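Colleague: Could you take me through this structure? I should like to start with a residue on the surface.

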Amino acid sequence: MVFVHKKPLAYQDVQGDIKVDSSLPKTTYLFRVEANQSTVSLQRLEKYTFIITEKPDAANRIANALDRAGKPKSLAHNGVPYYEAQRDRKLLIVPALGHLYTVAADKKKPRQFPVLDYDWVPLYLAEKGASRLRIWLQAIADLAKGADDFVDACDYDIEGSIIGYCILRYACGGKETEAKRMKYSTLTAEELEKSYQSMLPSLDFPLIEAGLARHEVDWLYGINLSRALTLAAKKASNQYTTLSTGRVQGPTLKFLALRERNINCFVPTPYWTLKTRFSVDGKVLEAEHEKKAFEVKSEAEATAKRCKVKTGTAESVEKKQFRQPPPFPFDLGALQSEAYRFFSYTPIHTLAAAQRLYLEALISYPRTSSQRLPPEIGYARILRGLAKNRAFLQAAGELLSRTELKPNEGKKADSAHPAIYPTGKLPIKALAGAEKNIYELVVRRFFAVFGDPALRQTAKITLDLGGEKFLLVGTQTLEVGWLSLYEPFGRLRDTSLPLIKEGDSVAIKRIALEDRFTKPPVRYNPSSVVRKMERCNIGTKATRAGILQTLYNRKYVRDEKIAVTDLGFEVTNVLREYCPSIVSVEFTRDLEEKMEHIQEGKGKKTEVITQAVGALKPVIANLQLNEPAVGQKLVRAVNQANLEERIIGPCPTCHAGSLIIQYSKKTGKLFVGCTNYFKSACKTVFPLPQRGYIWPTARPCKECGWNTVQVWPKRGRPWNLCPNPSCPSKRNGETN
Amino acid sequence: MTCKLCNRASTRDEFCEFHLRALQNLKDSYPAWKRALDLSWKDYLSQIAENSSAGNWVKEVAKYLIEHEET
């Protein structure tokens, strides 16, 4: 029987107790104890290459790709999985779990505010609930001890580079300077093999510097501004509420608040439209007066009177043909936008699904801003792979039959990754849900970018009705081109037009004068917010969706068609009043540009941090100086937000107040009561279940129409309850 | 001082900055309504208070003015 010491031991640790052959090199050894003999032998530990990856799934793929036989050993060290692959030498492929290090305040100055001293520390020291990462980091450190060669194989972008850099620097004992870098855009075996063969000789330090600068600046702004707001509210109310803002969060909330203000302050103005219905070959069509909007009713009515004729004449028929080019390949923003359009997926939902597809090696790296597909990705190879799926056979086959494949590329490029494309690998298991939809969208888009332009025709028919001109405009697709390759996503709205020649007469059926009002600006939705952030160059492709989610989590915004809450308005107002630079898009954009300069090797991290701290200090000082006023404003909004959260709907008894979930200080019980109850103006109260969480659903009861509440018991499924004690559903013992 | 229509602070005026802006927009849009429909100020306010496209703050101001303005 052979026992192997759990950890490699240093030569010096064992040589004092046992006889060691002095000719052995003084490095690290496996300590082997053979139990049936009274001898102890030392065996030289084989040195290996340590490869760090971002996630366990990526480690598995990389190990499978790099092992000579494609069968790496799946091992675990203190429960942390890793892989051992064999090729010209042994490789240990060890996964991280995303970020394992983070920026945190210097522990030596814990009560300091503003917090300007910080350090990079293990995540488990900075965040509650991250204690399991201590074991994970220790395992990485242990496994790195016997390595003499280090490779960073995390995703090739800012976040991936920081993850790899921090682990190599802090957990592996300063190996960041000697480590090499694998660069890849897909997790396919071919690309990983190629990436291993042609590794970059060192880490991409400008990219890392830019990433570190971004994290540090964001942390400085986030912690100090959020703490200033939270402290102000706490001092004013003696109650703790988490309020947050940040370098990107602030300007994002500001433009949402601006839109909300414009909607709430919108005054519609009336206008009138004039339309005619006429028939040609039995088909009824509608044409609109050339003056699209009449601003004075009497003028519209007088014009309508002049048009009351039985026949009209086609005065002119103009036709124009144009080519509609194929779309560009997907960058992340465009994918999120299309996924929202077709499936109503939020940007964060789309990114999560795309990330899973990437880890399954089905699509390329999704966090890209590129609209380019270089030939090196192997267009034909990918199409041949996709053609193995019956659903893609026709489109892939059509493209493969062409002599040349040339994608229609956009201007945007990304030095790290190409646009999003399918790898050509087919899913091992059938995909479902969001993954299935996003995969199909990426594949169809990939086909479409190689398609021919569609040929479309617009026709404008001008009708004369008693001297007044009416226009009928329509567009038809004559040659579908790329649209057929993008099916079912490539449908365009066609309006078929009748065959009318100049001078033809048409029978007028009716003239309609319609009352209209101008409309308020449309609300942003999750997709259009991300696009707006992209246009303003605030945040990064990887962070924008998460920042919007934070705004939802903080209750600054609500609903899919985004409405800014009272709390969101007040936070924006406070920032605008006391620190306008923080919510200024220009300020944020300027910092983004400076960080891009670091990435390009044109700027230094220290300069950007110094400048950012210089701008932050007076802002915090001003917030502290005005703390009572800031606190009062925020507390009012927090209370209002808490109140709104508990409102069920209008009171059915007094019609003046609202039914609200209340807590009786006297009995300690929850109940539904009218807001006028404590003013003694309304006595409406109903009981509620006393266990679990309860909140309004804003959905009416199917039986009685009252708004329902949702009860989340501590165990079991949530259920809906109508608070109306006389609701017919209660007689049948049903719940809504 | 607080706004007559919400609890937000107002400095000199009876409305907060949001309702004040809504009031200004109401005043600015009246000439277009007058030209279009030849309405009185009061009728204009009634139309706005019931219009589904009008903003919430605008409607609140319109209703307040209907109740509190002298004819």
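Colleague: Is A:W695 buried, partly exposed or exposed?

Modeller: In this predicted model, A:W695 has a relative accessible area of 40%. Buried would require under 20% and exposed over 50%, so A:W695 counts as partly exposed.

Colleague: Which strand does A:W695 lie in?

Modeller: A:W695 belongs to strand β25 of chain A, which covers residues 693–700.

Colleague: And which residues make a nonpolar surface patch with A:W695?

Modeller: A:Y693 and A:W712 form the patch together with A:W695, and its area is about 360 Å².

Colleague: Let us turn to the interior. Which residues touch the most other members of the largest nonpolar core?

Modeller: They are A:F50, A:I140, A:I167 and B:L26, in a core of 120 residues. Helix α7 of chain A, residues 205–237, supplies the largest share of this core, with 14 residues.

Colleague: What does B:L26 touch, leaving out residues up to four places away in sequence?

Modeller: B:L26 touches A:V267 in chain A. Its contacts in chain B include B:W41, B:Y44, B:L45 and B:I48.

Colleague: How many residues are in the other core?

Modeller: That core lies apart and has 65 residues, among them A:L357, A:A419, A:I420 and A:L431.

Colleague: A last topic: why is α8(A) largely enclosed by the rest of the structure?

Modeller: It is largely enclosed because twelve of its 16 residues are buried. Among these are A:Q249, A:F255, A:R261 and A:N264.

Colleague: How far does helix α8 of chain A reach from its first C-alpha to its last?

Modeller: Helix α8 of chain A, residues 249–264, reaches 22 Å, close to the 22 Å expected at 1.5 Å a residue.

Key:
Residues numbered from 1 in each chain as written. Chains lettered and ligands numbered in written order. Predicted model: local features only at pLDDT ≥ 70, side-chain atom pairs only at ≥ 80, totals over all residues. Heavy atoms only, no water. Helix = DSSP H or I, 4+ residues; strand = E, 2+ residues; numbered from the N terminus. Expected span 1.5 Å × (residues − 1). Buried < 20%, exposed > 50% of the residue type's maximum accessible area, 1.4 Å probe, protein only. Patch = residues over 30% accessible without salt bridge, like charges linked within 9 Å, V, L, I, M, F, W, Y side chains within 5 Å. Areas by Shrake-Rupley, 256 points an atom, 1.4 Å probe, with all protein chains shown as cover. Salt bridge = Lys/Arg side-chain N within 4 Å of Asp/Glu carboxyl O. Core = buried A, V, L, I, M, F, W, Y, C linked by side-chain atoms within 4.5 Å. Contact = heavy atoms within 4.5 Å.
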